[in-house]
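Thanks for coming, everyone. Please bring the structure up on your screens, and then I will walk through it.

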Amino acid sequence: MSDAIISARGLTKTFLSGDRRIEVLRGVDLEVGAGETVAIRGESGSGKSTLLNLLAGLDTPDAGTLTWAGSADTGAKRRATYLGIVFQSFYLIPELDALQNVLMAARILKGPGATELARAKELLARVGLAERARHLPAQLSGGERQRVAVARALMNAPRLILADEPTGNLDEQTGGAIIELLLGLSAETQTTLVLVTHNAAHAANCSRQLMLHAGRFG
Amino acid sequence: MPWYFYLALKQLFPTGRRFPFFTVISVVSVALGVALLIVVLGVMGGFAHQIRQTIIQTEGEIQIKARGSIGNYHDVVRRIEAVPGVAGASPYASGMLMVVYQNKPSFPLMRGLDMASIGHVVSLEKFVTAGSLDALDDDAVILSEGLADSLGVPIGANIEVYTPLMLARRDSEVILPHTVKVVGVLRFGHQELDKSTIYCTLRLAQELYGLVGDVHGINVRIQPGMKEDEVAERINTVLPPDARAFSWMDSFADFLTVLKLEKNMMTFVLLFVVLVAAFLTMSLLLVLVLKKTREIGLLGALGASRRQIALCFCLQGVGVGVVGTAAGLGLGLTVLHIRNDIVRAITRVTGGQELLARFYQFSELPEHIEVRDLVVIVTAALLLSTLAGIIPAVIAARLKPVEALRSE
Ligand SMILES: Nc1ncnc2c1ncn2[C@@H]1O[C@H](COP(=O)(O)OP(=O)(O)OP(=O)(O)O)[C@@H](O)[C@H]1O
Ligand SMILES: [Mg+2]
């Protein structure tokens, strides 16, 4: 088996909406090695989010195989430690402050101890929110919320970060800062990054660019 | 602490400025249901308890009655007192009398008490509101408060007493009454007893009723912690053939059965209030699940299992149940505690305190809550709240992370 961080072969996905069949993915092959940063681009509706959900093990493909570090186990337990996900919407839990939102990723694995707390604080400081640890999501700006989400994705020291248009809800400048942060952090921590983006400039900063078109990389 | 426990707590009681409307509304509704149950059952239990107290305080737990009268009663009393579990026994005679004071007649019930032994069964002196029990001799009587009031007799005045026996004795043309002195007033706080009773010595009662050495019955007090029924059974084995021992429960069996039936019906009906509160909790939790669909998806993406997500929401139902039940317990017991102030406040506005007292036999609203009732209420409230959490929990658990995340 390959030592790829993530490897997908012939992924297909078709949605039935009413009596229409939408063939979104028609055999996607993808192999991402350790330390790579891969940008996925494509038109709106080309299936980028669908692909990312398959890669994250959140959805099952109609056909094809997926392995994480050579293992086909893509269950919830493994997902929690193997990868971190950043979405277009931030999905922070409104009742929890920034620090607890970051810690939530660790909490789902086991009761967080002093090590985890220290790491969460460190990550918040790294994304520039050390002073905002006790603030609730409602008290943070969009860019700040996305930074909390980035810190949360890194909480369990994943091998891979999947980011689905993380700048989609942010203005140009804030978005640029988030991408810089993601690229910087993945370089620092040797984390592999798969980034879905519309932005050509952001994609250009990645080590590899892929274009999703007609359900395939072409 | 597992994450679902932590998150359930945080969603119920968020930190910071967010006021937990959802929690407060559900908790209050459960609390009101529980409090209502406690208050109603407490007051209904109070009636049964009050009746028991009144009977026990005035007659002891067990009454010995015979078809006619009981002869050789000293011997019978001695045998009863030897029965294990018996604390004391006191014979009595009773019957109707006519009393006249300043041409005003009244027809009270007479109770002739054996002054030597009555103290073993009843502490009458506790209930004397005027005069004194010690002054009661064979030419004196003590009146119940209602009787003293209606006749308008002061302490120390003489009243005339007629007995049915005098009417039966037709040989003399002039019926000569017995004159006795009023030396005290008794008040038990029970409308029926306080209305029209006259207390005298056993000897006087025997004389008035021509009983010559017989009594009508014997009151028995049992030792604390003994069962009335069991002691009554044992007493029956030493009684003369025509006499029988009745526990207070036997005497009031019909009343107690009705009371118990009413209590069960009330419990059943009021449990619906708790059920409605549970439905409210459930609907609010459902709204919460819908509102939090995307976060539930995120939890799934972070690696939470369906079972854990279900637990997170179910625990919120449990949390509402626990807090609501505790608050309801506190509220219910507090209301029971200050019930008479509440009744007074209400009757001050609406009037009719006397009417209330007359209707319910007691001058104060009684209260007696049994631990068993509390256990039933608490269990039911917790159970229903938990069930209320289960349906939203199942719905939350059935959400697929991708779909939940896609939802708008
Ligand atoms: N659950 C679903 N049911 C039906 N159709 C779906 C479902 N999920 C996705 N689709 C369809 O699949 C196609 C691809 O959707 P997807 O969200 O992957 O696009 P995308 O490339 O991420 O687009 P965007 O850039 O706008 O985010 C769309 O036409 C969408 O309508
Ligand atoms: Mg998308």
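I will cover salt bridges, then sheets, then two loop residues, then surface patches. Keep in mind that this is a predicted model.

Salt bridges to start. Side chains of opposite charge can pair when their charged atoms come close. How many salt bridges does a search of the whole structure find? Over all chains, the search finds 18.

Take one inside chain A. A:Lys13 pairs with A:Asp59, and their closest N and O atoms are 3.5 Å apart. A:Lys13 sits in strand 1 of chain A, residues 6-17. A:Asp59 sits in the loop between helix 1 (48-55) and strand 4 (63-68) of chain A. So this pair ties together parts that are 46 residues apart in sequence. Are the two partners buried or exposed? A:Lys13 has a relative accessible area of 8%, so it counts as buried. A:Asp59 is at 17%, and that is buried as well, because the cut-off is under 20%.

Next, a pair that crosses between chains. The side chains of A:Glu95 and B:Lys292 form a salt bridge, with N to O at 2.8 Å. A:Glu95 is in the loop between strand 5 and helix 3 (98-107) of chain A. B:Lys292 is in the loop between helix 11 (253-291) and helix 12 (293-301) of chain B. So the pair joins two chains. Both A:Glu95 and B:Lys292 are buried. There is a third member here. B:Glu295 is linked with A:Glu95 and B:Lys292 in a network of salt bridges.

Now a local one. B:Asp75 and B:Arg78 meet in a salt bridge at 3.6 Å, N to O. Both are in helix 3 of chain B. They are 3 residues apart, about one turn of the helix. B:Asp75 is partly exposed, at 26% relative accessible area. B:Arg78 is exposed, at 54%.

On to the sheets. In chain A, 6 strands make an open sheet. The order is 5-6-7-3-8-9, and the pairing is mixed. Which strands are at the edges? They are strand 5 (83-86) and strand 9 (216-217) of chain A, and each pairs on one side only. Look inside the sheet at strand 3 (residues 37-42) and strand 8 (residues 208-213) of chain A. They run parallel and are joined by 5 bridges. One marker to find on screen: A:Ile40 stands opposite A:Leu210 in strand 8.

Over to chain B. Strand 1 (residues 62-70) and strand 12 run antiparallel, with 5 bridges between them. Here the marker is B:Ile62, which stands opposite B:Ser247 in strand 12. How do the side chains along strand 12 (residues 243-247) of chain B point? They alternate. B:Ala243, B:Ala245 and B:Ser247 point to one face and are buried. B:Arg244 and B:Phe246 point to the other face and are not buried.

Now two backbone oddities. B:Asn72 has a positive phi of about 50°, although it is not a glycine. B:Asn72 lies in the loop between strand 1 and helix 3 (73-81) of chain B. At 55% relative accessibility, B:Asn72 counts as exposed. The other one is B:Gln102. Its phi is positive too, near 50°, and again the residue is not glycine. B:Gln102 is in the loop between strand 3 (98-101) and strand 4 (104-106) of chain B. B:Gln102 is exposed, with a relative accessible area of 63%.

Last topic, the surface of chain B. There is a patch of negative charge made by B:Asp229, B:Glu230, B:Glu233 and B:Asp250. Which helix gives the most to this negative patch? Helix 9 (residues 228-236) of chain B does, with 3 residues. B:Asp250 lies in helix 10 (residues 248-251) of chain B. B:Asp250 is partly exposed, at 38% relative accessible area.

There is also a nonpolar patch. Its members include B:Phe19, B:Phe21, B:Leu280 and B:Leu331. Together the patch has about 710 Å² of accessible area. Helix 2 (residues 21-59) of chain B gives the most here, with 5 residues. B:Val24 is in helix 2 and belongs to the patch. B:Val24 is partly exposed, with a relative accessible area of 33%.

That is the tour. I am happy to take questions.

Note on methods. Residues are numbered from 1 along each chain as its sequence is written. Chains are lettered from A and ligands numbered from 1 in the order in which they are written. This is a predicted model: local features need pLDDT of at least 70, side-chain atom pairs count only at pLDDT 80 or more; totals for chains, interfaces and linings use all residues. Side-chain values use heavy atoms; hydrogens and water are left out. Patches are made of residues with over 30% relative accessible area and no salt bridge: like charges are joined within 9 Å, nonpolar side chains (Val, Leu, Ile, Met, Phe, Trp, Tyr) within 5 Å. Accessible areas come from the Shrake-Rupley method with a 1.4 Å probe; for residues, only the protein chains shown count as cover. A salt bridge is a side-chain nitrogen of Lys or Arg within 4 Å of a carboxyl oxygen of Asp or Glu. Lys and Arg count as positive and Asp and Glu as negative; His and the chain ends are not counted. The place of a charge is taken as NZ of Lys, CZ of Arg, CG of Asp or CD of Glu. Helices (H or I, at least four residues) and strands (E, at least two) are DSSP runs, numbered from the N terminus. Buried means under 20% relative accessible area, exposed over 50%, partly exposed in between (1.4 Å probe, protein chains only). Two strands pair if DSSP finds at least two bridges between them.
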